[in-house]
Amino acid sequence: MPRFTPSPRTTGYLAAAGTVAIWTGFILVSRYGGKSPLTAWDTLALRLGTAALLLLPFAGSLPRGAWRDAQLWTLTLLGGLIYGLFVFAAFKYAPAAHGAILLPGMQPFLVAAAAWWVLGSRPGAGRMVGLAGIALGVACVAVHYSAGGHAWTHDMLLGDLLLLGGSAAWALYSVLAKKWKRDAWTLTRFVALGSTALYLPVYLLWLPKALDQVPTGMLVLQGLYQGAGVTIVAMMLFLKAVHELGAERTGALVALVPVLAGVAAAPLLDEPLSGWLVAGLICVSAGAFVAARPGRATAQ
């Protein structure tokens, strides 16, 4: 009987689908942990500790001099510690739909801004249309709370600001990684191991903990999903999708994450979903899709 072997394009689409599923789940699982007694410090420790344990066997193959490389440590602070602390703290206050918009949804906008600042590259007209769609989506979310009977709170505003801070840190991390030509496998290992080396001693000695206030299943879920699923598996699937489909097509598919996560949060996390919020999620996803299409940037 002939053995079925999927085509490279089919493999790419399957990898992209896996990436979208894991990144959608990241928003839902993070918000689920945020609604529990776990602190942001706890969730970050579970993420980093699990990832470091899984990646420790590969530490010996890091590039020579990696532990003395200032660029790698800068990327570790941005993509490992600052991003993680901001995002997990944000989900104590902000609903999942806000995370869907302000994390993956805002990435094309913030990456374009970071690239303009760091690399001097300006987005073309097509990408500007996509960024305008993202801005319109954020405006729809504002209407959802100002005119839709859902009051803004100080906690929610704090959560949104933390999400924006985390998203900006990740955008700068992405642009600097490209500028410094760092490969993803090296970054995956070093960011996880370096962040763990910096963070876990501080966490264990001085930071507040609530690990004993949640079921063991919650600890396993956060550790495995955040540390193995998001940090390692999603990265490998994303790289496979980029290899088979190209960065632009993969980026366009990943634009599905905001609307999937925002809509799924309503039944799974019992969070409100209005017409304005749905419109905002669709606009952000459509804007990210357009912004991810191939385009030519112009240098200053």
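1. Contact here means heavy atoms within 4.5 Å. With that in hand, here is a good place to start: in the protein chain, residues 24 or more positions apart account for 88% of the contacts that have a separation of 6 or more. Please keep in mind as you read that this is a predicted model.

2. On to the overall layout. The protein chain is built from twelve helices and two strands. Reading from the N terminus, the order is α-α-α-α-α-β-α-α-α-α-α-α-α-β, so you can follow the elements along the chain with the cut-offs of DSSP runs in mind.

3. How does the radius of gyration of the protein chain agree with that of a compact globule? For 300 residues, a compact globule would come out near 19 Å, and the protein chain has 19 Å, which agrees. Along the principal axes, the C-alpha trace spans about 55 × 50 × 45 Å.

4. A few words on the surface. Of the 300 residues in the protein chain, 48% are buried. The chain exposes about 14400 Å², and carbon and sulfur atoms supply 70% of that area. As for charge, there are 20 positive and 10 negative side chains, and the centres of the two sets lie 14 Å apart.

5. Now the interior. In soluble globular proteins, nonpolar side chains tend to be buried together. In this model the largest nonpolar core has 47 residues, and the members that touch the most others are Phe26, Ile27, Leu103, Leu163 and Tyr199. If you centre your viewer on Tyr199, you should find Trp41, Leu44, Ala45, Leu48, Leu81, Leu85 and Leu207 in contact with it, leaving aside neighbours within four places in sequence. A second, separate core holds 15 residues, among them Ala52, Ala169, Leu187 and Leu193.

6. Helix α3 (residues 70-90) deserves a stop, and Leu78 is a handy residue to select there. Is Leu78 buried or exposed? Its relative accessibility is 12%, and buried means under 20%, so Leu78 counts as buried. Beyond residues up to four places away in sequence, Leu78 touches Tyr83, Ala169, Leu172, Tyr173 and Leu176. The C-alpha atoms of Leu78 and Tyr93 are separated by 22 Å, with their positions 15 residues apart along the chain.

7. Two further residues of α3 are worth a look. Thr76 lies in this helix and counts as buried because its relative accessibility is 0%. Setting aside neighbours within four places in sequence, Thr76 is in contact with Leu81, Phe190, Val191, Gly194 and Ser195. Leu72 lies in α3 too, and is buried with a relative accessible area of 2%. Which residues does Leu72 touch, not counting those up to four places away in sequence? They are Ala66, Arg182, Thr186, Leu187 and Phe190. From Leu72 to Gly99 the distance is 27 Å, C-alpha to C-alpha, for a pair 27 residues apart in sequence.

8. Moving along to helix α5 (residues 107-119), the buried residues include Gln107, Leu110, Ala112, Ala114 and Ala115. Gly120 follows α5, and its phi is positive, near 75 degrees.

9. Glu271 is a residue I would inspect by eye. Where does Glu271 lie? Its place is the loop between α11 (257-269) and α12 (275-291). Glu271 is buried, with a relative accessible area of 8%. Apart from neighbours within four places in sequence, Glu271 is in contact with Arg31, Lys35, Pro95, Ala96, Ala97, Ala265 and Ala266. Pro95 makes a nice example of a pairing across the sequence: Glu271 and Pro95 are 176 residues apart in sequence, yet 7.0 Å apart in space, C-alpha to C-alpha.

10. Finally, some backbone angles. Asp270 lies in the loop between α11 and α12. Asp270 has a positive phi, near 60 degrees, in a residue other than glycine. At 69% relative accessibility, Asp270 counts as exposed. Lys181 is found in the loop between α7 (154-179) and α8 (184-206). Although Lys181 is not a glycine, its phi is positive, about 55 degrees. Lys181 counts as exposed, at 73% relative accessibility.

Terms used
Residues numbered from 1 in each chain as written. Predicted model: local features only at pLDDT ≥ 70, side-chain atom pairs only at ≥ 80, totals over all residues. Heavy atoms only, no water. Helix = DSSP H or I, 4+ residues; strand = E, 2+ residues; numbered from the N terminus. Rg over C-alpha atoms; globule rule 2.2 N^0.38 Å. Buried < 20%, exposed > 50% of the residue type's maximum accessible area, 1.4 Å probe, protein only. Areas by Shrake-Rupley, 256 points an atom, 1.4 Å probe, with all protein chains shown as cover. Lys, Arg positive; Asp, Glu negative; His and termini not counted. Charge placed at Lys NZ, Arg CZ, Asp CG, Glu CD. Core = buried A, V, L, I, M, F, W, Y, C linked by side-chain atoms within 4.5 Å.
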